[in-house]
Amino acid sequence: FKYWSPEPARRYLTAQEYAESAKSALKEMHRQVGDLVIDEQGLARRGLLVRHLLMPGGEAETREILKFLSEEISPHTHVNLMTQYRPAGKVRSERYVELNRPIKADEHHRAVEFAGDLGLVQLGD
């Protein structure tokens, strides 16, 4: 789950309905399998794990996605706040200058704090 708002989804993914599709799919997945269940050995056995790729300058998008997960999926949702984003290909052009950098440590830190404030269970990258 990368983007909450239609504009960045349209601009970067050419999929203006991206968030609506993602929200619908996540609700259905959670309905089918519930919250993530981890066994005594730390292995995931069943349930929903949401991966959220943090994007440069995307703090507002991240906050809305995390609020959605907590309020409309489950406050026990497991999330992986991923910092692996690296600019490549067309992103390195002047057209997408706002994406032409990796995630900053403080952006990740704020996302982790906000997810914790919402009670979401976080898994490392």
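**Entry 1: the unit around E4**

Which elements make a right-handed β-α-β unit with E4? I looked this up before anything else, in what is a predicted model. I found that E4 is joined in this unit by helix H4 (residues 105-118) and by E5. I then looked at how the two strands pair, and noted that E4 and strand E5 (residues 121-123) are parallel, with three bridges between them. Within this pairing I located Asn80, which stands opposite Leu123 in E5.

**Entry 2: the other partner of E4**

I turned next to strand E3 (residues 49-53). Strand E3 runs parallel to strand E4 (residues 78-82), and five bridges join the two. On the way from E3 to E4 the chain passes through helix H3 (residues 59-73), and I recorded this β-α-β crossover as right-handed. Two positions of the pairing went into my notes. Val50 faces Val79 in E4, and His52 has Leu81 of E4 as its bridge partner.

**Entry 3: how E4 is covered**

How many of the five residues of E4 are buried? I counted five of five, and therefore entered the strand as mostly covered. I then checked the two faces separately. On one side I found His78, Asn80 and Met82, on the other Val79 and Leu81, and all of them are buried.

**Entry 4: the whole protein**

I stepped back to the overall architecture. The protein contains four helices and five strands. Read from the N terminus, its elements follow the order α-α-β-β-β-α-β-α-β. I noted a radius of gyration of 15 Å, close to the 14 Å that the globule rule gives for 125 residues, so the protein is as compact as a globular protein of that length. Along the principal axes, the C-alpha trace spans about 50 × 30 × 25 Å.

I also recorded some totals. Of the 125 residues, 38% are buried. The protein exposes about 7400 Å², and carbon and sulfur atoms supply 50% of this area. Among contacts with a separation of 6 or more, 63% are between residues 24 or more positions apart.

**Entry 5: aromatic rings and Trp4**

I looked for aromatic pairs and obtained a count of six. A pair of aromatic rings is described by the distance of the centres and the angle of the planes. For Trp4 and Phe68 I noted ring centres 5.7 Å apart and planes at 50°, so this pair is tilted. Trp4 lies in the segment before helix H1 (6-13) and Phe68 in helix H3, so the pair ties together parts that are 64 residues apart in sequence. The two residues belong to one aromatic cluster formed by Phe1, Trp4, Tyr18 and Phe68.

Is Phe68 buried or exposed? I found Phe68 buried, with a relative accessible area of 2%.

I then listed the surroundings of Trp4. Apart from neighbours within four places in sequence, Trp4 is in contact with Ala19, Lys23, Glu61, Glu64, Ile65 and Phe68. I also noted that the C-alpha atoms of Trp4 and Ala22 are separated by 9.1 Å, the two residues being 18 residues apart along the chain.

**Entry 6: Thr14**

My last search concerned the backbone. Most residues other than glycine have a negative phi. Thr14, although not a glycine, has a positive phi of about 50°. I placed Thr14 in the loop between H1 and helix H2 (18-33). With a relative accessible area of 72%, Thr14 is exposed.

Key:
Residues are numbered from 1 along each chain as its sequence is written. This is a predicted model: local features need pLDDT of at least 70, side-chain atom pairs count only at pLDDT 80 or more; totals for chains, interfaces and linings use all residues. Side-chain values use heavy atoms; hydrogens and water are left out. Two strands pair if DSSP finds at least two bridges between them. A crossover is right-handed if, with the strands pointing away from the viewer, the path from the first strand over the helix to the second runs clockwise. The radius of gyration is taken over C-alpha atoms; the globule rule is 2.2 Å times the number of residues to the power 0.38. Buried means under 20% relative accessible area, exposed over 50%, partly exposed in between (1.4 Å probe, protein chains only). Contact means heavy atoms within 4.5 Å. Accessible areas come from the Shrake-Rupley method with a 1.4 Å probe; for residues, only the protein chains shown count as cover. Rings of Phe, Tyr and Trp (its six-membered ring) pair if their centres lie within 6.5 Å; planes under 30 degrees apart count as stacked, over 60 as edge-to-face and the rest as tilted.
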